[in-house]
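Please look over the fold shown here before reading on. The notes are short and sorted by topic.

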Amino acid sequence: MTLLLVTVEHTWRRSLQVRVVTLTLVVSSLLVAVFAYVVAYRSSTILLERAKQTVTAQMEFGRGYTREQLAVFGKPYEPNVQGTLQDIVFYLGGGDAQDPGSGLVVVKAEEVAELRTEMSRDVSLSVINEVLGPDITSAVDGGGVATAIRSADLGAGRAKYLVKGTPVATKFGHVELYYIEPLTTQDSAATQIRTTVLATGATLVLLLGLLAALVTRLVVRPVRVAARTAQRLSAGLLDQRMAVTGEDDLALLAASFNQMAANLQRQIVRLEDMSRLQRRFTSDVSHELRTPLTTVRMAADLIFAERDRFPADVSRTAEILQTELDRFESLLTDLLEISRYDAGFAMLDAEPSDLAPLVHRAVEPLRGLAERCGVELRVEVPADPVIADVDPRRVERILRNLVGNAVEHAEHRPVDVRLVSDGTAAAVAVRDRGVGLKPGEEKLVFNRFWRADPSRARQTGGTGLGLSISLEDARLHGGWLEAWGAPGQGAQFRLTLPVRAGDRLTASPLRLVPEDADLPAVTPPVQQRAITQTPAEVPR
């Protein structure tokens, strides 16, 4: 039952045609049900009124006929009075005393002891009294006309009867004349009308459902074709188009969709060509600059080595030249690395490595920079080895970029580097307590050449590509590189890597938001992960 409900709910949410057909069937069924009820009720009412009119007409005739036949008798014990009563009921009953389904005429003279009740057919007097009931007999005995509908068995099975009684005045008192007419014909006609209306209504509902299904199919089918074509376009099949048939609105939709797809294809192809040219230009320029840079580097190294023999201004120029050449060489290295990622040529040389020494090797070269900036570097690693399948060169480069950025923005406050592993994932968090990040900047820090404050003086002369390359390195490992920050509370970058190569991460052993962060609980941090499709991280 649960599976059936889930399937029905899924079909209801996913299929517009099912919803339209279902709503059409429900609404039309309600309308047909109301119409059938009104028709059946009106039909039954009309048939009953006609039966009452017929019995009333018969009653008027029977009362006159009975009064005329009994007018010659002055006393109830006169001869032929009882016989006359028999003739009256026989005549008024139609003379068919054997048909159990026919009407019944009853003449009662209970006030006259000498006379018996006469009936047009042989029916038990107790049954007759039950059918008439005290309400009708008392009303007729009081001189009024009474009408009622009774259900009884008068020899032809249980059925409905229309009962009507009236008093007839005579010289020796009054007698009571009753007509008991069966409503079998009326009930049968009403049943046939109801059956016909319901059958017609059910057929109409099915036809409406079929019509709704056909109409919605005509409308939904092009939409489904457009959706499938759009999915193929998004998958990279840019030559997919919809078939244009006719000149109606759906044909206009298909033509417009094809025009849009053609424009998108032209734009995408143009952008791909531009991107390809850009990557090739970056790669070619980077490689071409290597040779002159090497020559300039050799000359600059020679000048730098002999700077003490030059005047002070020339010596200072040699130092500036050496510094800028270092930065230029670093920029070329980063550009070459980016071009490898863009071209899809980056390869991961993973091997089982202890992450603790990698953390120390990344931090130690930056201690001199930290001392110049007045920043204390604090490293916390487990005593036991933390073995993971990683590329040591790339992981060390990620950590060096993270720690270098933290020192640059620490504002003379300590920087903490922490390594934790839970057996399935290993995480390194770099926490500074400097200027922090504004809302939304945690998404931008991984963009190429992006800087939070371009006017800010840097100690290391960065290229603006370090975090972008770090993000690509983390993605190459199948890991996450995430950032958190708040103005005035610093920032924290967290690198999470799977312990075994190829495993999929589901959680990190370290929190992204530091425990000492003072933030409203209703403002969750926005995270930038190094992989585009991962399961939702389990909160830790």
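What follows is a briefing on two sheets, the helices that pack on them, and a few chosen residues.

This is a predicted model. One open sheet of five strands has the order 2-1-5-4-3, with antiparallel pairing. A further open sheet, also built from five strands, has the order 7-9-10-12-11, and its pairing is mixed.

**Sheet 2-1-5-4-3**

- Strand 2 and strand 3 (146-153) are the edge strands of this sheet. Each has a single partner strand, so one side of each is left without a neighbour in the sheet.
- Strand 1 (residues 104-108) runs antiparallel to strand 5 (residues 173-182), and five bridges join them. Within strand 5, Ile 180 stands opposite Leu 104.
- Strand 1 is also joined to strand 2 (residues 118-119), by two bridges and again in the antiparallel sense. Here Val 106 stands opposite Met 119.
- Strand 3 and strand 4 (residues 158-170) run antiparallel and share eight bridges. Ala 148 has Val 163 in strand 4 as its bridge partner.

**Burial of strand 1**

- Five of the five residues of strand 1 are buried, so the strand is largely enclosed by the rest of the structure.
- In a regular strand, side chains alternate between the two faces of the sheet.
- Both faces of strand 1 are covered. Leu 104, Val 106 and Lys 108 are buried on one side, and Val 105 and Val 107 are buried on the other.

**Helix 2 and helix 5**

- Helix 2 lies across strand 3, strand 4 and strand 5, at about 35° to strand 4.
- Two packed helices are described by the angle between their axes and the distance between the axes.
- The axes of helix 2 (residues 16-70) and helix 5 (residues 184-234) come within 8 Å and cross at roughly 160°. That angle makes helix 2 roughly antiparallel to helix 5.
- Helix 2 passes helix 5 in a right-handed crossing. The contact residues of this pair divide into 23 nonpolar, ten polar and three charged.

**Thr 84 and Leu 132**

- Thr 84 is found in helix 3 (residues 81-92). Its relative accessibility is 12%, so Thr 84 counts as buried.
- Leaving aside neighbours within four places in sequence, Thr 84 is in contact with Gln 69, Leu 70 and Phe 73.
- Leu 132 lies in helix 4 (residues 125-141). Is Leu 132 buried or exposed? Leu 132 is buried, with a relative accessible area of 0%.
- Not counting residues up to four places away in sequence, Leu 132 touches Lys 108, Thr 137, Arg 150, Val 163, Tyr 178 and Ile 180.
- Leu 132 and Thr 147 are 15 residues apart along the chain, and their C-alpha atoms are separated by 9.7 Å.

**Sheet 7-9-10-12-11**

- Strand 7 (377-380) and strand 11 (480-486) stand at the edges of the mixed sheet. Each has a single partner strand, so one side of each lacks a neighbour in the sheet.
- The twist averages 10° from one strand to the next.
- Strand 9 (residues 415-421) pairs with strand 10 (residues 425-432) in the antiparallel sense, over six bridges. Arg 418 has Ala 429 in strand 10 as its bridge partner.
- Helix 8 (residues 355-363) packs on the sheet and touches strand 7, strand 9 and strand 10. The direction of helix 8 makes about 165° with that of strand 9.
- Helix 12 (residues 466-476) lies across strand 11 and strand 12 (490-498), running at about 135° to strand 11.

**Helix 10 and helix 12**

- Helix 10 (residues 392-408) packs with helix 12 at an angle of about 145°, with the axes 9 Å apart. Their crossing is left-handed.
- Helix 10 residues in this contact include Arg 394, Ile 398 and Leu 402. Among those they meet in helix 12 are Leu 467, Ile 469 and Asp 473.
- The contact residues divide into six nonpolar, four polar and three charged.
- Asp 473 has its place in helix 12. Asp 473 counts as buried, at 0% relative accessibility.
- Asp 473 and Met 347 are 126 residues apart in sequence and 9.8 Å apart in space, C-alpha to C-alpha.

Notes: Residues are numbered from 1 along each chain as its sequence is written. This is a predicted model: local features need pLDDT of at least 70, side-chain atom pairs count only at pLDDT 80 or more; totals for chains, interfaces and linings use all residues. Side-chain values use heavy atoms; hydrogens and water are left out. Two strands pair if DSSP finds at least two bridges between them. Helices (H or I, at least four residues) and strands (E, at least two) are DSSP runs, numbered from the N terminus. Axes are lines fitted to C-alpha atoms, for helices over the stretch in contact, and angles run from 0 to 180 degrees between N-to-C directions. Contact means heavy atoms within 4.5 Å. Angles under 35 degrees count as roughly parallel, over 145 as roughly antiparallel, 65 to 115 as roughly perpendicular and the rest as oblique. A crossing is left-handed if the near helix is turned anticlockwise from the far one by less than a right angle, and right-handed if clockwise. Ala, Val, Leu, Ile, Met, Phe, Trp, Tyr, Cys and Pro count as nonpolar, Asp, Glu, Lys and Arg as charged, and the others, Gly among them, as polar. Buried means under 20% relative accessible area, exposed over 50%, partly exposed in between (1.4 Å probe, protein chains only).
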